[in-house]
Amino acid sequence: MGSYTLTERTLPCDDTWDVIVVGGGPAGCAAATSAAREGAKTLLLEATGCLGGMGTSGLVPCWTPYTDKQRIIYGGLAERLLTQCKAGMPHVAPDAVDWVPLDPERLKRIYDAMVTDVGVQVLFHTTLAAVDTDGAGAVSAIITQNKAGLTAYRAKVYIDCSGDADLAAFAGATIKRGDEQNGECQPATHCFILSNVDEYGYLFNNVDTLGNVLPPNAWGGYWIYQHTVPPMVASDKYPLIRDGHWCHNLIGPGTVGFNAGHLWEVDSTDPHSMSRALMQGREIALQFRDALAEFCPRAFANAYLVTTGALLGIRESRRVLGDYYMTTDDYFARRHFVDEICRNAYPIDIHTTKEESMSSTRNPGWDPMQRYENYRPGESHGIPYRCLTPVGLRNVLVAGRSISCDHVVQASVRTMPVCLVMGEAAGIAAAHAAVLPVPDVHSVDTYRLRARLIAEGAYLPTDDGV
């Protein structure tokens, strides 16, 4: 590719902000909300036309567990969001807390209200185009692109919730990517929704290998996995269905959301790679609909493919190097940190490589979520604030799946409830940093930060259980 030198020009610049958040997914929405709640004048930039990221535009059909199998550990804004979501879904039990289905359209409105109720200004269809720095560790301005053209924005503190660490990378942060040995990232998934599903056939078509009828559940359950997956994967008619580990949930009347199918070797920072993957993802969704209609007709004979996600489900891309690099050892030690801003109990959920996918097809009982030791009830690990502070950048925080950690730990901390609690912490910290004589996220008083989080409902026990 050749090069082109831009003609020198002056851009309009809005320099009135205390905190600017880039990315309106779970981490970004929580960060913007908590920053504004602390009194910071806050701008939230979102590349799509709605907030919520993978839970809305990405069509992920359920929340990962909110508990450590004993109590809710993703508190504060995360817990309130879950409660509001369940309130509009009559088929979901009010006390449900693990693998709770979600309604993406309802969730869009909940996020809208969450941020605007505290005074956050939102700009949709606005993407980060460039970052300008002072050469001494501070971002001096960001350049955005939307229908108004290029605009510069300045803030005292910036929070990168882009998912791909775009702002931090453009500002010169040290970046890591994928597996430390080979650089391979987890596969992507293009989620989709089927409607006109026979609910009785979906919920009650559950029979174990001994012929016993299992109780109904919102997952469709055992029957689909044991009796439908093997012939679907084996059939030459559906060559894009190559693995049998799916997530699917009843998200509305006769409507089932699917997190199913893998796309390997997708680079979310390469627009060519993303474009190819989105097209293939739509083909995979159609093959799932047709295969389910053939092999599970009681539930899906008349199912209709309503939509595929506007966003591709990216599990892993860039990660920043922060003041602390959280490792697998930290995870298995169930480590506490004096500056931890949340606890996490989600299993290490590394999705299959191509080779593992073929192996799991031959061995349907193999569960990739069992490749690492799972926590026992009541166990969790801390995420230190220092994982959110990029080395070498004074006024930038990162929250969400791009925090400072290794490839294995990232497979646990990347999910939506964890991103919400990390985002809430980042927003409070940004507001506190913004009022320092020289805004510096590395100088935030983490004792004060933790006290504010606890006051807002965060679960932050000490290492002695208190």
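Two strands are taken to pair if DSSP finds at least two bridges between them. Helices (H or I, at least four residues) and strands (E, at least two) are DSSP runs, numbered from the N terminus. The structure is a predicted model, in which local features need pLDDT of at least 70 and side-chain atom pairs count only at pLDDT 80 or more, whereas totals for chains, interfaces and linings use all residues. Residues are numbered from 1 along each chain as its sequence is written, and side-chain values use heavy atoms, with hydrogens and water left out.

An open sheet is formed by 4 strands in the order β9-β10-β8-β11, with antiparallel pairing. Its edge strands, each paired on one side only, are β9 (247-252) and β11 (304-308). From one strand to the next, the twist averages 25°; axes are lines fitted to C-alpha atoms, for helices over the stretch in contact, and angles run from 0 to 180 degrees between N-to-C directions.

At one edge, β9 and β10 run antiparallel and are joined by 5 bridges, with Cys-247 opposite Asn-259 in β10. The hairpin of these two strands has 2 residues between them, and Gly-254 takes a positive phi near 60° there. Strand β9 is mostly covered, as 6 of its 6 residues are buried (under 20% relative accessible area, with a 1.4 Å probe and protein chains only).

At the other edge, β8 (residues 192-195) pairs with β11 in the antiparallel sense over 4 bridges, and Ile-193 stands opposite Thr-307 in β11. Helix α7 (residues 271-295) packs on the sheet and touches β8, β10 (255-259) and β11, where contact means heavy atoms within 4.5 Å. The direction of α7 makes about 160° with that of β11.

Technical notes:
Buried means under 20% relative accessible area, exposed over 50%, partly exposed in between (1.4 Å probe, protein chains only).
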